[in-house]
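Pull up a chair and let's read a model together. You ask how to look at a feature, and I'll point at the case.

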Amino acid sequence: MTKLRLAIVGAGPAGIYAADILLKYEKQFDVSVDLFEHLPAPYGLVRYGVAPDHPRIKGIVNALRDVLDRGDIRIFGNVLYGRDITLDDLKKHYNAVIFATGAVRDADLRIPGITLPGSYGAAEFVSWYDGHPDFPREWPLEAREVAVIGNGNVALDVARVLAKHADDLLPTEIPANVYEGLKASPVTDVHVFGRRGPAQVKFTPLELRELGELHDVDMVLYDEDFDYDEASKLAIESNKQVMVIDRVLTKWRERQAERRAEGTPASRRLHLHFYAKPLEVLGNGKVEGFRYERTAPDGEGGIVGTGEIRELPIQAIYRAVGYFGSPLDGIPFDEHHGVIPNHEGQVLDDDNQQVHGVYATGWIKRGPVGLIGHTKSDAMQTVQHLVNDQGNWWLPSHPEESAIVELLESRGIQFTTLEGWHSLDEHERALGEPEGRERIKVVPRDEMVHISRS
């Protein structure tokens with residue numbers, strides 16, 4: 001029987017789902033799947049891109065763990081594509097490759113002053129508070145007043161972590177250095193800015209509700225943002241998610257009035273500003289303020305500028321305007337959209353012709369939009385084409401499963417395995433147990449590798 005030797009680059013949800021779907025797919029050949037991951041641990045953005053106080057993520061991790069623990073997928077962690085292993089290597093050992101490398105860079109926000117010291121990308125901050133091994137252990141948390149630009153879930157995650165008291169994060173898997181950094185933060189006010197109105201936000205109701213549950217943090221909204229136009233009213237009436245968001249915001253406005261009447265303000269405030277178009281980050285050698293234009297609804301769900309310019313004193317700003325993919329050696333790349341050009345997962349070259357044996361799935365395929373459900377449907381679509389393209393698979397010269405192990409060992413690559421991840425997982429859980437926490441993440445890469453390989 002024909003055998004498919006498949007390499008998948010990226011061991012986040014996109015890569016793991018693709019492997020799982022292929023192994024369960026009704027096909028006329030055997031399958032052997034190897035996952036290559038540049039980090040020593042699997043799960044990608046589920047481990048390193050989601051705030052640690054999201055309990056629902058545990059369910060996703062458990063589902064991914066169940067797939068890997070079946071034992072029919074090999075993992076080679078701490079292996080960087082383009083450095084430790086190349087496209088030519090993959091062609092010698094596999095019939096095809098699926099790239100599931102995601103999107104981990106911050107998209108640009110092209111306004112004056114955005115490069116001033118004190119201006120940060122949200123993705124970098126998320127990587128810091130999630131204990132990503134390739135980011136500095138320290139983060140400058142010196143600002144009392146902070147701006148977050150964006151109206152998606154990442155913007156809310158960043159704002160929540162900045163505003164939340166560090167002690168309230170202790171039950172999570174937050175690394176010790178992150179706790180100490182947040183504990184020393186002098187922040188009093190976090191301002192979140194979005195270009196459009198409350199009925200056009202991109203975050204989900206669950207993310208929004210979590211903001212209102214913060215201890216000793218007042219939610220601050222502004223009445224001028226809630227003079228809805230007809231398009232916004234229609235969105236609230238016709239879209240259940242928008243309706244729930246409106247109810248949450250209305251409840252907060254009522255509670256805000258009650259808090260004012262009681263005269264018992266919290267020590268921190270989280271402000272939501274709508275109809276605010278970023279114009280400029282102000283400062284002389286460092287971030288000192290934020291200038292924006294007040295916008296207004298255009299009656300069709302969009303916005304128009306009003307010409308009214310406002311400024312707010314801040315000492316730090318975070319742009320959360322989206323993620324962006326990174327190019328891969330030997331693989332076509334769309335620099336404008338930050339994705340691998342493809343047709344339903346089949347990678348295309350500069351002449352729009354299919355690159356045989358090369359596929360993509362997840363955010364590197366379609367861009368950084370959608371939730372886990374979209375990632376599964378992405379993987380199914382890609383796998384369908386992979387199966388149907390059997391006539392165009394590579395013909396590897398060394399397809400035996402031992403060959404790739406011998407190659408990595410001959411190059412001195414300190415790769416980690418599924419068994420190694422189990423060791424690291426157990427170690428992190430043991431670190432958290434004395435403190436009543438599920439785990440405490442190990443952050444340094446060399447320590448992660450040592451624990452995994454010992």
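What follows is a short dialogue on reading this predicted model, from the whole chain down to single residues.

Q: Let's start wide. How many helices and strands does the protein chain have?

A: Begin with the inventory: the protein chain has 15 helices and 18 strands. Then ask about overall packing. The radius of gyration is 24 Å, close to the 22 Å that the globule rule gives for 454 residues, so the chain is as compact as a globular protein of that length. For the outline, the C-alpha atoms fill a box of roughly 75 × 50 × 40 Å along the principal axes.

Q: And what share of the residues of the protein chain counts as buried?

A: Of the 454 residues, 56% count as buried. On the outside, the chain exposes about 20100 Å², with carbon and sulfur atoms supplying 49% of it.

Q: Among contacts between residues at least 6 apart in sequence, what percentage joins residues at least 24 apart?

A: That's the one to check when you want to know how far along the sequence contacts reach. Here the share is 76%.

Q: How far apart are the mean positions of the positive and negative charges?

A: Compare the two centres. With 50 positive and 71 negative charges, the mean positions sit 2 Å apart.

Q: Now a helix. How many residues of α6 are buried?

A: First the general idea: an α-helix has 3.6 residues a turn, so residues three or four places apart point the same way. Now the case: α6 spans residues 153-163 and is mostly covered, with 10 of its 11 residues buried. Among the buried ones are Asn 153, Asp 157 and Arg 160, along with Leu 156 and Val 161.

Q: On to single residues. Is Asp 84 buried or exposed?

A: Read the relative accessible area against the cut-off: under 20% means buried. Asp 84 has 7%, so it counts as buried. Its place is the loop between β3 (73-77) and α4 (87-93). Then look for partners: a polar contact of 3.0 Å joins its side chain to that of Arg 83. Beyond four places in sequence, Asp 84 touches Asn 78, Val 79, Asp 89, Leu 408, Arg 411 and Ile 413.

Q: Asn 78 turns up in that list. What is its phi?

A: Asn 78 has a positive phi of about 60° although it is not a glycine. Asn 78 also lies in the loop between β3 and α4, and at 12% relative accessibility it counts as buried.

Q: Where is Glu 344, and what is the sign of its phi?

A: Glu 344 is in the loop between β16 (342-343) and β17. Its phi is positive, near 55°, in a residue other than glycine. As for cover, Glu 344 is partly exposed, at 34% relative accessibility.

Q: Which side chain does Gln 346 join in a polar contact?

A: Gln 346 is found in strand β17 (residues 346-348) and is buried at 8% relative accessibility. Its side chain meets that of Asp 389 in a polar contact of 2.9 Å. Leaving aside neighbours within four places in sequence, its contacts include Pro 341, Tyr 359 and His 385.

Q: Last one: how far is Ser 423 from Glu 288?

A: Keep sequence and space separate. The two are 135 residues apart in sequence and 46 Å apart in space, C-alpha to C-alpha. Ser 423 lies in helix α14 (residues 418-432) and is partly exposed, with a relative accessible area of 28%.

Definitions and conventions. Residues are numbered from 1 along each chain as its sequence is written. This is a predicted model: local features need pLDDT of at least 70, side-chain atom pairs count only at pLDDT 80 or more; totals for chains, interfaces and linings use all residues. Side-chain values use heavy atoms; hydrogens and water are left out. Helices (H or I, at least four residues) and strands (E, at least two) are DSSP runs, numbered from the N terminus. Buried means under 20% relative accessible area, exposed over 50%, partly exposed in between (1.4 Å probe, protein chains only). A polar contact is a pair of N or O atoms within 3.5 Å; within protein, one must be able to donate a hydrogen and the other to accept it, and residues adjacent in sequence count only if both atoms are side-chain atoms. Contact means heavy atoms within 4.5 Å. The radius of gyration is taken over C-alpha atoms; the globule rule is 2.2 Å times the number of residues to the power 0.38. Accessible areas come from the Shrake-Rupley method with a 1.4 Å probe; for residues, only the protein chains shown count as cover. Lys and Arg count as positive and Asp and Glu as negative; His and the chain ends are not counted. The place of a charge is taken as NZ of Lys, CZ of Arg, CG of Asp or CD of Glu.
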